[in-house]
Amino acid sequence: MEKKIIRLKEVDSTNRFLKELSSYDETALTIAVADFQTAGRGQGTHTWESEEGKNLLFSMLACPVWVPVRQQFLLSEVGALAIKDALDSYADGFTLKWPNDVYWKDRKISGTLIETSIDSRGIKRCIFGIGININQMEFRSDAPNPVSLAQILGHEVDREEVLQKVIEAFCRYYELLRRADYMDVSGIYHLSLYRRKGYHWYEDKDGKFEGAFVEVEDDGHLILHDKKGVIRSYAFGEIKFLINT
């Protein structure tokens, strides 16, 4: 897969930058990398804290028109797995917190905002907005549990090296989707999940409960069962993972 990297000193949002490109190669992977984002976004109304030049802030644009709309969550799985694979080469203990955050133990090192465009023919394009904490040693926002690769390892890491590892892994998983090897991707994703085993504390609109993982469905819904054996299904934003409870 051909790759085109656009390097930016400062931008409001790498996702917005890619969305506003007047033209791009639909057969290639287009990547926008910034040293600093003035309006970096997380899921919903959240922002992404990052010191200038310390972390990886980038977006990737691809056109997976052959992925069925009803199975578009596979794209989220591919993006998360690519980041985890890259980080696995530096340390143990990384998992994927549903839907696509990357955790080290109980702390968040990466998040992805995915924006997918769909028309009458199906998926048109997908933009993965990724933030990975690399060399930042102090976090001042109200984010509850951030961690960086440098904090884990005790020394700074070459950001470009991590970026290239993410891109390489992404292309590898993307090719699995192109070949319609959906079960392979989904299987690896499930084996990589945070809290895959045992009962843990969660909170939904009805309150706190202890639940155990069952599966993530093709449409991205998280399926848990509680200690009474009741099956519970959640879309993103409908459940909170309670940590250190």
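In which loop is Pro99 found? Keep that in mind while setting up the view; the tour reaches Pro99 after the domains. The model is a predicted one.

**Stop 1: the two domains.** Select residues 2-192 and colour them as domain 1, then give residues 199-241 a second colour as domain 2. Taken over C-alpha atoms, the centres of domain 1 and domain 2 lie 25 Å apart.

**Stop 2: the interface.** Show the contacts between the two selections: nine residues of domain 1 meet 14 residues of domain 2. On the domain 1 side, select Phe73, Trp98 and His190, the residues that lose the most area to domain 2. Together these three account for 61% of what the domain 1 side buries. The size of an interface is often expressed as the accessible area lost when the parts come together. Between domain 1 and domain 2 the buried area is about 940 Å², and carbon and sulfur atoms give 74% of that area.

Next, look for polar links across the interface. Two residue pairs are in polar contact between domain 1 and domain 2, both at pLDDT 80 or more. The number of salt bridges between the two domains is zero. Of the domain 1 residues that touch domain 2, four are nonpolar, three are polar and two are charged.

**Stop 3: Phe73 and its ring partner.** Stay on Phe73 and show the aromatic side chains. The model has 10 aromatic pairs, one of them formed by Phe73 and Tyr189. A pair of aromatic rings is described by the distance of the centres and the angle of the planes. For Phe73 and Tyr189 the values are 5.8 Å centre to centre and 85 degrees between the planes, an edge-to-face arrangement. Colour by helix to see where the partners sit: Phe73 belongs to helix α2 (residues 73-88) and Tyr189 to helix α5 (residues 182-191). The pair links distant parts of the chain, 116 residues apart.

**Stop 4: Trp98 and Pro99.** Return to Trp98, one of the interface residues selected earlier, and display the backbone. The peptide bond joining Trp98 and Pro99 is cis, with omega about 5 degrees. As for the opening question, Pro99 is in the loop between β4 (94-97) and β5 (101-104).

**Stop 5: Lys105.** Follow the chain to the loop between β5 and β6 (107-119), and select Lys105 there. Lys105 is not a glycine, yet has a positive phi, near 55 degrees.

Key
Residues are numbered from 1 along each chain as its sequence is written. This is a predicted model: local features need pLDDT of at least 70, side-chain atom pairs count only at pLDDT 80 or more; totals for chains, interfaces and linings use all residues. Side-chain values use heavy atoms; hydrogens and water are left out. Domain bounds come from an automatic or database domain assignment. Contact means heavy atoms within 4.5 Å. Buried area is the accessible area (1.4 Å probe) that two parts lose on being put together, summed over both. A salt bridge is a side-chain nitrogen of Lys or Arg within 4 Å of a carboxyl oxygen of Asp or Glu. A polar contact is a pair of N or O atoms within 3.5 Å; within protein, one must be able to donate a hydrogen and the other to accept it, and residues adjacent in sequence count only if both atoms are side-chain atoms. Ala, Val, Leu, Ile, Met, Phe, Trp, Tyr, Cys and Pro count as nonpolar, Asp, Glu, Lys and Arg as charged, and the others, Gly among them, as polar. Rings of Phe, Tyr and Trp (its six-membered ring) pair if their centres lie within 6.5 Å; planes under 30 degrees apart count as stacked, over 60 as edge-to-face and the rest as tilted. Helices (H or I, at least four residues) and strands (E, at least two) are DSSP runs, numbered from the N terminus.
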